[in-house]
Amino acid sequence: MNPKKLLIIELHVNNHPGVMSHITGLFSRRGYNMEGILCGAIGEGETSLIYLLIAEDEKLEQIILQLSKLYDVLNVKLRPDYDHKVFFDIDKLLTQQPG
Amino acid sequence: MEMTGAEIIVRLLEQKGIKTVAGIPGAANLHLYNALKSSNIRHILARHEQGAGFMAQGMARTTGKAGVCFSTSGPGATNLLTALADAKLDSIPIVAITGQVASAAIGTDAFQEIDTYGLTIPITKHNFLVRTVEELLTVIPEAFHIAESGRPGPVVIDIPKDIQQQTCKFEQWPEFKKISNESSVSENQAAEIAAMINSAQQPVILAGGGVNNEDSAGFLLRLAEFNNIPVTYTMRALGAFPPDHRLSLGMIGMHGTRYANALIEEADLVIALGARFDDRATGISKNFCTKPKIIHIDIDASEINKIKKATYSLTARAEEVLKKILPLIVSDGREQWLKEIDRVKKSMPYVSAPEDSDLFHPFNIISEVVHNVPNDTIISTDVGQHQMWVVQAWPFRKPRTFISSSGLGTMGFGVPAAIGAALANPDKKVVCFSGDGSILMNIQELVTMAENNLNITVLVFNNHSLGLVKQHQELFFKKNFMATQFEAKPDFCALAKAFGIGGIDLTEAPEPAKTLIEALAFEGPVLVNIPIDSSEIVLPMVKPGAPNKDMIF
């Protein structure tokens, strides 16, 4: 079995507690797969960037269009060139502060 | 200015031009109701929040403007959910304002606390949980803009009760953004679409809910007539094209006409306008429109290529596109194609009542009603066989005269939606076709009808069964009838009278046609019980899973 090609979707979103539900809910109710998720506030904290790791399949066009429709999603970019290693090295990402 | 959150909500609704709100008060929206007392907005007290939601839909579906409903937290909000989901699937603009427990109590499992925001994410176009009183000034106008712009849909604004109570100082009122009418269609795109239509040999227009408004319907008729393009439509577009027009193929899909389902497969070009290729319209989608090229025009970009791959697509409002391409369309007689249409239509005669049938045949009843109500009567239906018979037999010639739960197929829609329609159209007659199964799902709203003395005739097609489900058991489950025949048979006339409206039974009437006509002429709320032979089934029909062109008839 060939491993599916993975790519990253970058979302620029409003930063409030319901946004993540809107995005993950869209994936579950439309039967899309998400392999990983990474999120953090940017700037003054009004907005956030979310990186979704997605397996490339025939649903990709729909995923992008449906994400673009969400009111709290300000921008959707496909980032096929981004290195997605971070999603597979989660255990190495967080290290204890020295002392 | 300084006022409470509740006052801000009510003043903003007034500024938006809202005249009527349907709802039910409770602990978490008492401040809102307190502020509403001093407003000119008419409040319609529903008897179940789902009823309030469908009343808001009835207003919205007949006017195109957002309808508004109120509910309290917890059970008030959960009762609203079906009406919201229904509005989502049929792209109906409603704004639901739900009370929520106090901000400090959120997350504590407080009395009547439910996660309204979480519950309504998948069934609204968007939703808000208001966290500060100041936010109301932006959230409320924004909610209406979201509901009414682009592809319309339901919006929930969940407002904790302390936010309704708090006061807020502000300099000026916000503006309600106008819906942009700017055309996004370029000259090039219009020319490309027109060229495809002009060069097609056997084109068919597939009209969807996106053309069910006055402007689009006018342009659609001109395009069809000028270039002689036959038109078929989905249930959401009933009224957008006259069914008795020489170019009408009638409705497509599961209970559509045999010739629409057959001829769309003979086409070389299908022009889908504001339609989303729903499975009740297409059957198994891979068997639908296998040959023709498809031009797909929809306001929602995510509908393009979702079900059917389009040859040419454009994200735009149907009326913009129609307006822009009309001058580029050449006149064409299409004699050969129309001859073929005529041949197929003649070989597949449309449904009608058998010649020896009596008044109580569903088509005869419908025809009797057609001839005894004004032309601009608004028809609401519930869901089931009666709905399909009305869809097949009523000559809907004007947009927004037919309101029915299409996408979600919600039994219980008919009565409260008729109330909403009557409230928004006080000068029009409203007839609600229902069944003895559906009507019990929101029968409590008959009392709302009585309280407001609305000009609505409710016709109950009574076959003592869940007819459309029973029909599936008859045709596809070897007549293994299970749970579809009612043993207890309520006296609907007595029920109607108990709720305070007129109740008439045609079963025992010596002159049933005369009695029916009298009931229709009565300018007030009345229910008519009409006995229907329980062996009548809705035909033609596509067997679930079969291609549309192989209809059972």
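Student: Which side chains meet in a salt bridge here?
Tutor: B:D300 and A:K69. Their N to O distance is 2.6 Å. Keep in mind that this is a predicted model.

Student: How many salt bridges are there between chain A and chain B?
Tutor: The count is one.

Student: And how many residue pairs are in polar contact across the interface?
Tutor: Eight, with both residues at pLDDT 80 or more.

Student: Which helix gives the largest share of chain A's side of the interface?
Tutor: That is α2(A), with five residues. Both α1 (19-29) and α2 (60-69) of chain A supply at least two residues each.

Student: What kinds of residues are on that side of chain A?
Tutor: Four are nonpolar, six are polar and four are charged.

Student: How many residues are in contact overall?
Tutor: 14 residues of chain A touch 17 residues of chain B.

Student: What area is buried between the two chains?
Tutor: About 1,200 Å². Carbon and sulfur atoms give 53% of that.

Student: Which three residues supply the most of chain A's buried area?
Tutor: A:H22, A:R29 and A:Y71. Together they supply 43% of what chain A buries against chain B.

Student: New topic. How much space lies in the second largest pocket?
Tutor: About 900 Å³.

Student: What lines that pocket?
Tutor: 33 residues. A:Q66, A:K69, B:K88, B:K125 and B:D300 lie nearest its centre. So the salt-bridge partners A:K69 and B:D300 turn up again.

Student: Which element gives the largest share of the lining?
Tutor: α2(A), with four residues.

Student: How does the lining divide by residue type?
Tutor: 13 are nonpolar, nine polar and 11 charged.

Definitions and conventions: Residues are numbered from 1 along each chain as its sequence is written. Chains are lettered from A and ligands numbered from 1 in the order in which they are written. This is a predicted model: local features need pLDDT of at least 70, side-chain atom pairs count only at pLDDT 80 or more; totals for chains, interfaces and linings use all residues. Side-chain values use heavy atoms; hydrogens and water are left out. Contact means heavy atoms within 4.5 Å. Buried area is the accessible area (1.4 Å probe) that two parts lose on being put together, summed over both. A salt bridge is a side-chain nitrogen of Lys or Arg within 4 Å of a carboxyl oxygen of Asp or Glu. A polar contact is a pair of N or O atoms within 3.5 Å; within protein, one must be able to donate a hydrogen and the other to accept it, and residues adjacent in sequence count only if both atoms are side-chain atoms. Ala, Val, Leu, Ile, Met, Phe, Trp, Tyr, Cys and Pro count as nonpolar, Asp, Glu, Lys and Arg as charged, and the others, Gly among them, as polar. On a 1 Å grid over the protein atoms alone, a cavity is a set of points where a 1.4 Å probe fits but cannot get out, and a pocket is an open set with protein on both sides within 12 Å along at least five of seven lines; lining residues have an atom within 4 Å of a point. Grid points are joined across faces, edges and corners, and a volume is the space filled by probe spheres set on the points.
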